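These are my notebook entries on a structure that I examined by looking up one topic at a time.

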There are 2 protein chains.
Amino acid sequence: MQEIETSDQTDLKTAEAASIRAGNRALSVMERIRNFILDGTVSAGERMNEVRLSKTLDVSRTPVRAALQALAGEGLLDYAPNRGFTVREFPLNVIVDAYEIRASLEGLAARFAAERGLSDSEREVIEKSLVAGDELLSRGEFADGDLLIYRGINGDFHDTLLAAARNRMLSEMIRICHHVPMSSSRNIVAFEHRDVRRRHDDHHRIYEAIMAREPWRAEAIMREHVSGVRASLLKSLKGRV
Amino acid sequence: MQEIETSDQTDLKTAEAASIRAGNRALSVMERIRNFILDGTVSAGERMNEVRLSKTLDVSRTPVRAALQALAGEGLLDYAPNRGFTVREFPLNVIVDAYEIRASLEGLAARFAAERGLSDSEREVIEKSLVAGDELLSRGEFADGDLLIYRGINGDFHDTLLAAARNRMLSEMIRICHHVPMSSSRNIVAFEHRDVRRRHDDHHRIYEAIMAREPWRAEAIMREHVSGVRASLLKSLKGRV
DNA sequence: TACAGCAAAAGTGTGTACAGTTGCCGTGAT
DNA sequence: ATCACGGCAACTGTACACACTTTTGCTGTA
């Protein structure tokens with residue numbers, strides 16, 4: 001009965017890095033249920049029937065319950081005694097607010113990083129991300145797939161800075177913000193070259209502030225940086241909806 | 001087998017308000033285990049033996065596991081696969097950082113409250129807390145038990161403002177900060193009359209900023225306010241240790 | 001005496017049966 | 001026709017047994 005091992009181990013590193021509970025089976029179950037939620041297999045407000053889930057995933061109710069509890073801890077599910085778990089709804093204003101929270105928290109992370117300094121490897125990763133971004137942007141316009149590449153570059157920059165803040169609670173809270181649908185830093189919401197260029201320029205300035213050991217400046221720029229993403233999101237939503 | 005109902009329902013409202021999982025039994029078990037952690041019955045770094053706990057609390061392992069998972073979600077416990085749960089350690093720097101995080105988040109909450117406005121009942125509670133604090137402080141010095149009273153006043157002010165921010169994710173994150181040992185807003189760390197007076201004056205100014213619909217000013221004062229508590233904590237620790 | 005390897009014990013992970021609760025549907029009285 | 005009540009079905013909550021993993025400590029050997 002170890003056929004689970006072979007199948008799906010999506011994003012396993014993220015999960016264990018975040019001190020998430022659930023052992024062997026429960027961990028993979030958790031990721032699978034998370035995907036059900038994020039890809040819309042189960043819709044917002046829907047009840048998570050334990051028996052049905054355990055049949056679908058071919059495990060007993062025990063790991064299913066563990067996974068559901070863990071996901072509730074992450075804020076993706078709601079719990080009510082004797083009524084089980086339901087998919088939490090994320091109306092637009094909640095998503096927008098999540099960006100504000102992220103802005104505050106990542107700003108704080110930038111300040112901590114500036115106060116505490118970067119390790120050699122962290123500096124290396126960030127510099128690499130800056131150079132890679134410069135290169136990508138120097139062409140003046142985006143080719144196919146370039147946005148996907150920048151997504152990675154952007155993620156590296158933010159993840160590394162977060163690690164440099166050396167504060168676990170902060171990391172976990174920001175991770176929760178990222179798990180709000182649409183709110184990940186890996187989501188580039190501004191598709192226009194000029195916007196991305198401005199964002200990338202922010203990265204340069206944040207890095208400079210950190211290297212200059214100017215915590216408050218680093219915080220201010222980072223806050224504005226993430227807030228700017230929120231503004232872009234609003235703009236792009238208005239454009240489409 | 002309903003003898004649990006009669007016994008311990010400590011802080012139950014807080015728990016369910018925070019969308020915590022765990023049903024009837026598991027919920028009370030969770031609170032009891034939380035107390036074990038906070039009052040030092042189990043010490044930092046210690047392993048939470050499920051069998052022993054279930055015997056101590058006189059329930060089966062199932063609700064114990066549920067409670068442990070919930071507490072891990074709150075950040076009080078660490079989990080490692082096949083090795084169970086351990087009490088997370090909170091060294092001084094983590095506690096101090098938690099105040100910074102709280103400062104950022106409560107600042108944001110104040111901003112939201114200023115943007116969104118207070119309900120009648122919220123305004124009433126806050127004004128009452130301001131008046132009560134004025135009265136308590138007007139005597140010029142503290143009598144026995146006055147600090148305890150102010151603790152309640154202080155808590156009312158902060159809780160109400162948080163509710164007025166109308167953002168669940170924010171509430172939950174701040175609640176997590178409060179659960180860090182020593183980091184609750186109900187802990188008055190500055191025992192001197194002058195410090196408390198200054199804090200209370202902050203409350204007045206925050207309220208004024210909110211009523212004047214000045215979000216950024218409300219945020220700035222609140223951040224400084226909570227940061228000030230952190231500074232007082234450091235001072236008082238230095239004095240004692 | 002130090003260390004490797006193994007075996008027993010302790011502890012966690014999972015499956016499953018049963019108990020308790022909720023919600024729904026049908027029946028009957030008003 | 002409507003509402004109240006009772007019983008049934010579905011689902012969650014808890015207990016417990018068994019499987020698997022980790023840890024411990026013992027023994028034999030170098």
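**Entry 1. Surface near DNA strand D**

I began with the classes of residue near DNA strand D in this predicted model. I counted 6 nonpolar, 7 polar and 7 charged residues on that surface. Of the 20 residues around the strand, I noted A:Tyr79, B:Arg25, B:Ser60, B:Thr62 and B:Arg83 as the nearest.

I then asked which elements each supply at least two residues of this surface. From chain A they are strand S1 (47–48), helix H4 (50–57) and H5, and from chain B helix H3 (24–38) and H5. The largest share, 3 residues, comes from H3(B).

Next I looked at which part of the strand faces the protein. Of the atoms of DNA strand D within 4 Å of the protein, 76% belong to sugar or phosphate, and the rest belong to bases. I recorded two contacts to phosphate oxygens of DNA strand D: a backbone N or O atom of B:Arg25 at 2.7 Å, and a backbone N or O atom of A:Glu50 at 3.3 Å. I also found a contact to a base, where a polar side-chain atom of A:Arg61 lies 3.0 Å from a base nitrogen of DNA strand D.

**Entry 2. Surface near DNA strand C**

I repeated the search for DNA strand C and found 22 residues around it. The closest are A:Arg25, A:Ser60, A:Thr62, A:Arg83 and B:Tyr79. By class I obtained 7 nonpolar, 7 polar and 8 charged residues.

Helix H3 (24–38) and helix H5 (61–74) of chain A each supply at least two residues here, as do strand S1 (47–48), helix H4 (50–57) and helix H5 (61–74) of chain B. For DNA strand C, sugar or phosphate accounts for 67% of the atoms within 4 Å of the protein, with bases making up the rest.

I listed three polar backbone atoms beside phosphate oxygens of DNA strand C. That of A:Arg25 is at 2.8 Å, that of B:Asn82 at 3.0 Å and that of B:Glu50 at 3.2 Å.

**Entry 3. Relation of the two chains**

I asked what rotation superposes chain B on chain A. The answer is 180 degrees, with 0.0 Å of shift along the axis and an RMSD of 0.0 Å. The two copies are therefore related as by a two-fold rotation axis. The same surface serves both copies, since 100% of the contact residues of chain B recur in chain A. Within chain B, I found that B:Gly73 has the C-alpha closest to the rotation axis, at 2.4 Å.

**Entry 4. Nonpolar core**

I turned to the largest nonpolar core, which holds 76 residues. A:Leu105 and B:Leu105 touch the most other members. Leaving out residues up to four places away in sequence, I listed the contacts of B:Leu105 in both chains: A:Ile101, A:Leu105 and A:Met173 in chain A, and B:Leu170, B:Met173, B:Ile174 and B:Cys177 in chain B.

**Entry 5. Chain A and one buried histidine**

I counted 11 helices and 3 strands in chain A, in the order α-α-α-β-α-α-β-β-α-α-α-α-α-α along the sequence. Buried residues make up 54% of its 241 residues. Among contacts between residues at least 6 apart in sequence, 75% join residues at least 24 apart.

Is A:His200 buried or exposed? Its relative accessibility is 2%, so I recorded A:His200 as buried. A:His200 is found in helix H10 (residues 193–211). Beyond its neighbours within four places in sequence, A:His200 is in contact with A:Ser129, A:Leu130, A:Gly133, A:Asp134, A:Leu137 and A:Tyr150.

Conventions:
Residues numbered from 1 in each chain as written. Chains lettered and ligands numbered in written order. Predicted model: local features only at pLDDT ≥ 70, side-chain atom pairs only at ≥ 80, totals over all residues. Heavy atoms only, no water. Near = heavy atom within 4 Å. Polar contact = N/O pair within 3.5 Å; in protein donor to acceptor, adjacent residues only side chain to side chain. Helix = DSSP H or I, 4+ residues; strand = E, 2+ residues; numbered from the N terminus. Nonpolar A, V, L, I, M, F, W, Y, C, P; charged D, E, K, R; others polar. Core = buried A, V, L, I, M, F, W, Y, C linked by side-chain atoms within 4.5 Å. Buried < 20%, exposed > 50% of the residue type's maximum accessible area, 1.4 Å probe, protein only. Contact = heavy atoms within 4.5 Å. Least-squares fit on C-alpha atoms with pLDDT ≥ 70 in both.
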